[in-house]
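I opened the notebook to record what I looked up in this structure. The entries are kept short.

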Amino acid sequence: EKSLLRGMEEFCEELYRLKLIHHNELDRMRCRKTSSVSVDGTSTHVLFSGDVILTKVFDLLDVSNVGQVSISRVVAALQSCGAGSRVRLAPRERDEHARTEMKDQLWPKHRLVAELK
């Protein structure tokens, strides 16, 4: 059930069952193999390519700090983030779009400068 509150391990197993994470992430969570390094006295997690630190995802979704989250919170977070709502433009199209937007934003100032000259 989507609204059932789950602990960290149950939450990760449900994400795996829904095929939202790879079994490597599930195994890493079970073994608690998150590595961290200290940079200037602050501890930071090391992410390897494609890895997900599930404890951070869990903490992000556990807004009331009760140690439990539901799959419905995952769905709500994914729906509200806007990921995938826009088609990524090719580099040339992206640059042209940025150039056009800059011209549209700056044309009043260019006109003012031309009048002052």
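The entries below go from the overall fold to single residues.

**Entry 1: overall fold.** I am working from a predicted model. I began with the secondary structure and found five helices and two strands. Along the sequence I read the order as α-α-β-β-α-α-α. I then looked up burial for the whole protein. Of its 117 residues, 17% are buried.

**Entry 2: helix α5.** I went to the helix spanning residues 91-116, which is α5 and has 26 residues. I checked its reach from first C-alpha to last. The span is 36 Å, close to the 38 Å expected at 1.5 Å a residue. Where does the kink in α5 lie? I found it at L106, with an angle of about 50°. The proline P108 follows shortly after that kink.

**Entry 3: the largest pocket.** I looked up the volume of the largest pocket and noted about 230 Å³. Two elements give two or more residues to its lining: α3 (54-61) and α4 (71-81). The lining has twelve residues in total. Nearest the centre I listed L15, V57, L61, V74 and L78. Which classes make up the lining? I counted twelve nonpolar residues, no polar ones and no charged ones.

**Entry 4: A77 and L61.** I stayed with L61, one of the residues nearest the pocket centre. Its C-alpha is separated by 8.0 Å from that of A77. The two residues are 16 apart along the chain. A77 belongs to helix α4. I asked whether A77 is buried, exposed or partly exposed. Its relative accessible area is 31%, so A77 is partly exposed, between the cut-offs of 20% and 50%.

**Entry 5: R6 and G7.** I moved to the segment before α1 (8-17), where R6 lies. R6 has a relative accessible area of 7%, so I put it down as buried, the cut-off being under 20%. What lies 3.0 Å from a polar atom of the R6 side chain? I found the backbone oxygen of L4 there. G7 is placed in the segment before α1 as well. I noted 18% relative accessible area for G7, and therefore call it buried, since the cut-off is under 20%. Next I looked up a pair of C-alpha atoms, those of G7 and V66. They are separated by 9.2 Å, with the two positions 59 residues apart along the chain as the numbering offset.

**Entry 6: M8.** I found M8 in helix α1. At 12% relative accessibility, M8 counts as buried. I then compared sequence and space for M8 and M29. They are 21 residues apart in sequence. C-alpha to C-alpha, M8 and M29 are 8.9 Å apart.

**Entry 7: L18.** I located L18 in the loop between α1 and α2 (23-31). Is L18 buried, exposed or partly exposed? I noted a relative accessible area of 36%, so L18 is partly exposed, between 20% and 50%. I also looked up the distance from L18 to I71. In space they are 9.9 Å apart, C-alpha to C-alpha. In sequence, L18 and I71 are 53 residues apart.

**Entry 8: the loop between α3 and α4.** I checked two residues here, beginning with S70, which is found in this loop. Its relative accessibility is 4%, so S70 counts as buried, under the 20% cut-off. Which side chain does the S70 side chain contact? I found a polar contact with the side chain of S72, at 2.8 Å. N65 also has its place in the loop between α3 and α4. I looked up its backbone and found a positive phi of about 55°, although N65 is not a glycine. Is N65 buried or exposed? I noted 67% relative accessibility, so N65 counts as exposed, over the 50% cut-off.

**Entry 9: back over the notes.** I reread the burial values. R6 is at 7%, S70 at 4% and M8 at 12%. N65, at 67%, is exposed. I closed with the kink at L106 in α5 and the nonpolar lining of the largest pocket.

How values were computed: Residues numbered from 1 in each chain as written. Predicted model: local features only at pLDDT ≥ 70, side-chain atom pairs only at ≥ 80, totals over all residues. Heavy atoms only, no water. Helix = DSSP H or I, 4+ residues; strand = E, 2+ residues; numbered from the N terminus. Expected span 1.5 Å × (residues − 1). Bend = angle between axes of the 7 residues up to and from the residue. Buried < 20%, exposed > 50% of the residue type's maximum accessible area, 1.4 Å probe, protein only. Polar contact = N/O pair within 3.5 Å; in protein donor to acceptor, adjacent residues only side chain to side chain. 1 Å grid on protein atoms, 1.4 Å probe; cavity = no way out; pocket = protein on both sides within 12 Å on 5 of 7 lines; lining within 4 Å. Points joined across faces, edges and corners; volume = space filled by probe spheres on them. Nonpolar A, V, L, I, M, F, W, Y, C, P; charged D, E, K, R; others polar.
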